[in-house]
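Hi,

Here is the structure I promised to pass on. Have a look at it first, and then read my notes below.

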Amino acid sequence: KGSKELTGSPPLLRPLHGKSEVEQWSDMYTVTSQISLTVRREDDGVPVVCEVDHPAVKDLQTKHYLDVMYKPQIRVSQILPASGPTREGDLLDLLCQVEGKPEPTDTTWFRVDDEMPAHVIVSGSNLHISSLNKSDNGTYRCEASNEVGKSFVDYMLYVYDPLTTLPPPTTTAIIPTSTADTTATTEPAVHASGQSEDWISAVLFTLGEALVWL
């Protein structure tokens, strides 16, 4: 691809990988030159120019445009989700982009490691899953072919757990409570009152005995 000048002179002309033949007929020469090139798909449409350098002619040349045939070139793009991992419940959209010469006539989607799930929708070069789940995990292949050959690209799908939103943590204030023991509030008081009365009676009895003694 690009511009390259190939030069030579009779009777031997070998541009790149090629050969040249010279035939002499009296005072006339017939020069035949051949060239062998290794081309790639990027060389499609590139011109190859053969130019003759002779005193009798000026800028005599012929041009040939390369017509390169190549098998399909495939690229799989994830349209949805646009970013981040694929999670349960997400929508998945895959696009299979194919380029080849001649134009690919057959583009198909299929699952490599298992049967295609029933809820998967394939429309031309698009693969669509409306709501992902763990059973969709696997390898999905886009395959295309033309007269030159066949190509494919694999897309490995792994479905992650859905995102969960946790409620904010709540705190409960615990107020300590105290209980009063009222079991000995009355009886000891009554018991103490009884002791006081017995003491007074004892004092009066002692005073009485003293008076009698006198």
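Before the hairpins, one definition: two strands count as paired if DSSP finds at least two bridges between them. Please also keep in mind that this is a predicted model.

With that in hand, take strands S3 (residues 47-54) and S4 (residues 57-65): they run antiparallel and are joined by seven bridges. Two residues link S3 to S4, making a hairpin. If you want one pair to click on, Glu51 has Gln61 in S4 as its bridge partner. While you are in S4, stop at Asp59. Asp59 isn't a glycine, yet its phi is positive, about 50°. Is Asp59 buried or exposed? Its relative accessibility is 56%, so it counts as exposed.

There is another hairpin further along, made by S8 and S9, with two residues between them. Gly124 sits in that turn and has a positive phi of about 65°. S8 (residues 120-123) and S9 (residues 126-129) are antiparallel too, with four bridges joining them. Across from Ile121 you'll find His128 in S9.

Now zoom out. How many helices and strands does the chain have? There are eleven strands and one helix, and in sequence order the pattern is β-β-β-β-β-β-β-β-β-β-β-α. Of the 214 residues in the chain, 20% are buried. The chain exposes about 16,800 Å², and 55% of that comes from carbon and sulfur atoms. If you take the contacts between residues at least 6 apart in sequence, 51% of them join residues at least 24 apart.

Next, the inside. In soluble globular proteins, nonpolar side chains tend to be buried together. Here, the largest nonpolar core has 16 residues, and Leu92, Trp109, Leu127, Ile129 and Leu157 have the most contacts inside it. Strands S5 (70-80), S6 (92-101), S9, S10 (138-145) and S11 (150-157) each give this core at least two residues. Leu92 is a good place to start: beyond its neighbours within four places in sequence, its contacts include Leu80, Pro81, Leu127, Ile129 and Leu157.

Thr139, in strand S10, is worth a look as well. Its relative accessible area is 16%, so Thr139 is buried. Leaving out residues up to four places away in sequence, Thr139 touches Phe110, Arg111, Val112, Asp113, Asp154, Tyr155 and Met156.

You'll also run into some cis peptide bonds. One joins Leu80 and Pro81, with omega at about -5°, and Pro81 is in the loop between S5 and S6. Another runs from Lys101 to Pro102, where omega is near 0°. Pro102 belongs to the loop between S6 and strand S7 (106-111).

Last, the rings. How many aromatic pairs turn up in a search of the whole structure? There is one. Tyr158 and Tyr160 have ring centres 4.8 Å apart and planes at 75°, so the pair is edge-to-face; the cut-off for that label is over 60 degrees. Tyr160 has 40% relative accessibility, so it counts as partly exposed. You can also find charges over rings: Arg41 has its charged end over the ring of Tyr70, 6.0 Å from the centre, and Arg141 lies over the face of Phe152, 3.9 Å from the ring centre.

Shout if anything is unclear!

Cheers

Definitions and conventions
Residues are numbered from 1 along each chain as its sequence is written. This is a predicted model: local features need pLDDT of at least 70, side-chain atom pairs count only at pLDDT 80 or more; totals for chains, interfaces and linings use all residues. Side-chain values use heavy atoms; hydrogens and water are left out. Rings of Phe, Tyr and Trp (its six-membered ring) pair if their centres lie within 6.5 Å; planes under 30 degrees apart count as stacked, over 60 as edge-to-face and the rest as tilted. Buried means under 20% relative accessible area, exposed over 50%, partly exposed in between (1.4 Å probe, protein chains only). A charge sits over a ring if NZ of Lys or CZ of Arg is within 6 Å of the ring centre and within 35 degrees of the ring normal. Contact means heavy atoms within 4.5 Å. Accessible areas come from the Shrake-Rupley method with a 1.4 Å probe; for residues, only the protein chains shown count as cover. A nonpolar core is a set of buried Ala, Val, Leu, Ile, Met, Phe, Trp, Tyr and Cys residues joined through side-chain atoms within 4.5 Å.
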